[in-house]
Amino acid sequence: MNENIKSAGSNVSRKKSIPISNDFCPQTLFIYGTYKGDNTPNFGLFCWFSYYWDKEMGVMACIGGNKLTKDLIREKRIFSANLVTQELLPMADYFGNTEGYNKDKMNVEIETEKGHILNVPVLTKSPWVYELEVDKSIKLDDGEVFLCKIRNVLADEFLCDGTINIEKRINTIRPVHTTCQKYFSWDGNEICGWGKAIKG
């Protein structure tokens, strides 16, 4: 028992204070979809995305700075959150590294459809999509947190097959994570740095 306590204490002693960051805390990537005023789709890449509980599961999404996607979410109060997979990463990287206010940003080939419940654009190739409605928002000095009701979840049929174990389903869709300004595969291997996977 004493040896275990000593070992635990020695582990703690190896920690040191560093500048504030979220390095080594991988985050899941989502492409947010909104419709612009002319009913054409707009997509942006984001990773400050998580969940909360208030009688039911909800989504919280934080967007910092001035972004067209944030403007449209404020205006429409609805958006889609499309899970990014390795197949979608080149397009996602383009959406994340191309200025939203650039009028030519969406002049790319991409398969979309409408949400089943909300009037939001959905990426056809994303295997897991949330249709979200903003319930409350918290304005910060340079950002905004959107607390959202999940109005619908769209999942590929493969993910709904309970006869296939979860590990195989996850490894088949291959979600992408990010940290330290790099993209990582589901199994932890580095794919590339931000801006290096772009396909426009």
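Here is a short chat about the fold and surface of this predicted model.

The model is predicted, so local features need pLDDT of at least 70 and side-chain atom pairs pLDDT 80 or more, while totals for chains, interfaces and linings use all residues. Residues are numbered from 1 along each chain as its sequence is written, and side-chain values use heavy atoms, leaving out hydrogens and water.

Student: Which are the edge strands of the seven-strand sheet?
Tutor: Strands here are DSSP runs of E, at least two residues, and helices are runs of H or I, at least four, both numbered from the N terminus. Two strands pair if DSSP finds at least two bridges between them. The open sheet runs β3-β2-β6-β9-β10-β5-β4 with antiparallel pairing. Pairing on one side only marks the edges, β3 (41-46) and β4 (49-53).

Student: Which residue in β5 does Tyr52 stand opposite?
Tutor: β4 pairs with β5 (residues 57-64) in the antiparallel sense, over five bridges. Across from Tyr52 stands Gly58.

Student: What angle does helix α3 make with β3?
Tutor: Helix α3 (residues 89-97) packs on the sheet and touches β2 (30-35) and β3. Contact means heavy atoms within 4.5 Å. Axes are lines fitted to C-alpha atoms, for helices over the stretch in contact, with angles from 0 to 180 degrees between N-to-C directions. The angle between α3 and β3 is about 90°.

Student: How much of the protein is buried?
Tutor: Buried means under 20% relative accessible area, with a 1.4 Å probe and protein chains only. The protein has 200 residues, and the buried share is 42%.

Methods:
Buried < 20%, exposed > 50% of the residue type's maximum accessible area, 1.4 Å probe, protein only.
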